[in-house]
Amino acid sequence: MKLSQFRFKLPENQVALEPPHRVFENEDGTVDKVYRRDECRLMIVHRKSQIIDMFEKDADGNATDRPLTFRNVIDYFDEGDTIVFNDTKVFPARLFGTKEKTDAKIEVFLLRELNEELRLWDVLVEPARKIRIGNKLFFEEDGPMVAEVIDNTTSRGRTLRFLYDCPHDEFKRELFALGSAPLPRYIVNHREVMPEDMENFQTIYAQNEGAVTAPASGLHFSRELMKRLEIRGINLSFITVHCGLGCFDPIEVEDLTKHKMGSEQIVIKSETCDVVNRTKQEGRKVCAVGVTTLRATESAVGTDGLLKEFDGWTNKFIFPPYEFGLANTMIVNFYHPESTMLMATCAFGGYDLIMEAYKQAVDNGFKFGCYGDAMLILDD
């Protein structure tokens, strides 16, 4: 398929800048926000019957005027079904430093640690034209955190060596204390990053640190919803995919077969394989939460259609047409035009049906992006 087939007009006011929340005015005139991650809107897409649902139904099965919310997702799963989550944990990857001598303000986006002993990190810098090998960056006016640029990796990529002499745990703690939530550019270009973003931009089941962006489809799950799913007898299984920035890289070729995805690290353990494979063999729902989970399970599924243990990296790029080997159900967000996540969603749900669903989402005021609304794709 071609890049141009995934263009659509997305009104700027339908890009969510915050999670779902309610605003309360206090007696003293101040305002509090209470975030309710499971109160986003939900669209149900039935890929075989080609039906799109956005509203609750009454006792007779007729649509009402009450929009579905994410809490309704539990009504579409039965005992013995399995939902597969990505339990990666986002770290505060966005820092700001000043360049030695010029005091120019430089954004440093941490990608991954290359060497613990030498304090080497792979980073992105902005503006990149000002940062060269040998430059030093200071991250506090009088603080001890200093980094030296020792290599250029890409046009914006650099390798930094942090000059901080202390135990590694203390170094990481001090480094992350300087950072903020690594919200996507389409949010930080319109508002400041707030302290509460570090919690809001994290799934409630996050466990294994290593992501520089959130597995956003999992942000909708609250502790209460997870408990209700567990009580209903639905299996909650976890893999780890350390989400990178590859999903945000613009596609610069019209022919999608020529696009190269960035790699992401995956860990899938045997206990998850056992639960998922039993569910599949019983003919029940195996639901992938998010495109990162989908890409990981498709990277680890065997020719027999069963999930295998995996500890490595994947750069799998999924776009239509694609024959899926494992998941038969999927939970996703609403993504931006021409994004790799939209392409994977179209591959799973069918191009024509998903693009029609997106048209209806725009027409009905759904919110897009990591803090936006959700879609459940069912195989019925």
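These are legends for close-up views of a predicted model.

**View 1. Strand β18 is covered on both faces.** In a regular strand, side chains alternate between the two faces of the sheet. Here that puts Val 286 and Ala 288 of β18 (residues 286-289) on one side and Cys 287 and Val 289 on the other, and all four are buried.

**View 2. β18 pairs with β7 and with β20.** Strand β7 (residues 82-86) runs parallel to β18, joined to it by three bridges. Strand β20 (residues 329-333) also pairs with β18 in the parallel sense, again over three bridges. To follow the pairing residue by residue, start at Ala 288: its bridge partner in β7 is Val 84, and its bridge partner in β20 is Met 330.

**View 3. Thr 159 sits in strand β14.** Is Thr 159 buried or exposed? It counts as buried, because its relative accessibility is 7%, below the 20% cut-off. The strand around it covers residues 157-162. Setting aside neighbours within four places in sequence, Thr 159 is in contact with Leu 114, Trp 121, Glu 148, Val 149, Ile 150, Asp 151 and Thr 153.

**View 4. Phe 201 and Tyr 371 make an edge-to-face pair.** The whole structure holds 22 aromatic pairs. In this one, the ring centres are 6.2 Å apart and the planes are at 80 degrees. The two residues are 170 apart in the chain: Phe 201 is in the loop between α3 (197-200) and β15 (208-211), while Tyr 371 is in the loop between α8 (351-363) and β21 (374-378). Phe 201 is buried, at 0% relative accessible area, and Tyr 371 is buried too, at 4%.

**View 5. Tyr 205 and Phe 238 form a tilted pair.** Their ring centres lie 5.6 Å apart with the planes at 55 degrees, so this pair counts as tilted. Tyr 205 belongs to the loop between α3 and β15, and Phe 238 to strand β16 (residues 235-242), 33 residues apart. What about accessibility? Tyr 205 counts as buried at 9%, whereas Phe 238, at 28%, is partly exposed.

**View 6. Five aromatic residues join into a cluster.** Look for Phe 8, Phe 334, Tyr 358, Phe 366 and Phe 368, which are linked by ring pairs.

**View 7. Arg 47 and Lys 105 each lie over a ring face.** Arg 47 lies over the face of Phe 348, 4.3 Å from the ring centre. Lys 105 does the equivalent with Phe 96, at 4.8 Å from the ring centre.

Definitions and conventions: Residues are numbered from 1 along each chain as its sequence is written. This is a predicted model: local features need pLDDT of at least 70, side-chain atom pairs count only at pLDDT 80 or more; totals for chains, interfaces and linings use all residues. Side-chain values use heavy atoms; hydrogens and water are left out. Buried means under 20% relative accessible area, exposed over 50%, partly exposed in between (1.4 Å probe, protein chains only). Two strands pair if DSSP finds at least two bridges between them. Contact means heavy atoms within 4.5 Å. Rings of Phe, Tyr and Trp (its six-membered ring) pair if their centres lie within 6.5 Å; planes under 30 degrees apart count as stacked, over 60 as edge-to-face and the rest as tilted. A charge sits over a ring if NZ of Lys or CZ of Arg is within 6 Å of the ring centre and within 35 degrees of the ring normal.
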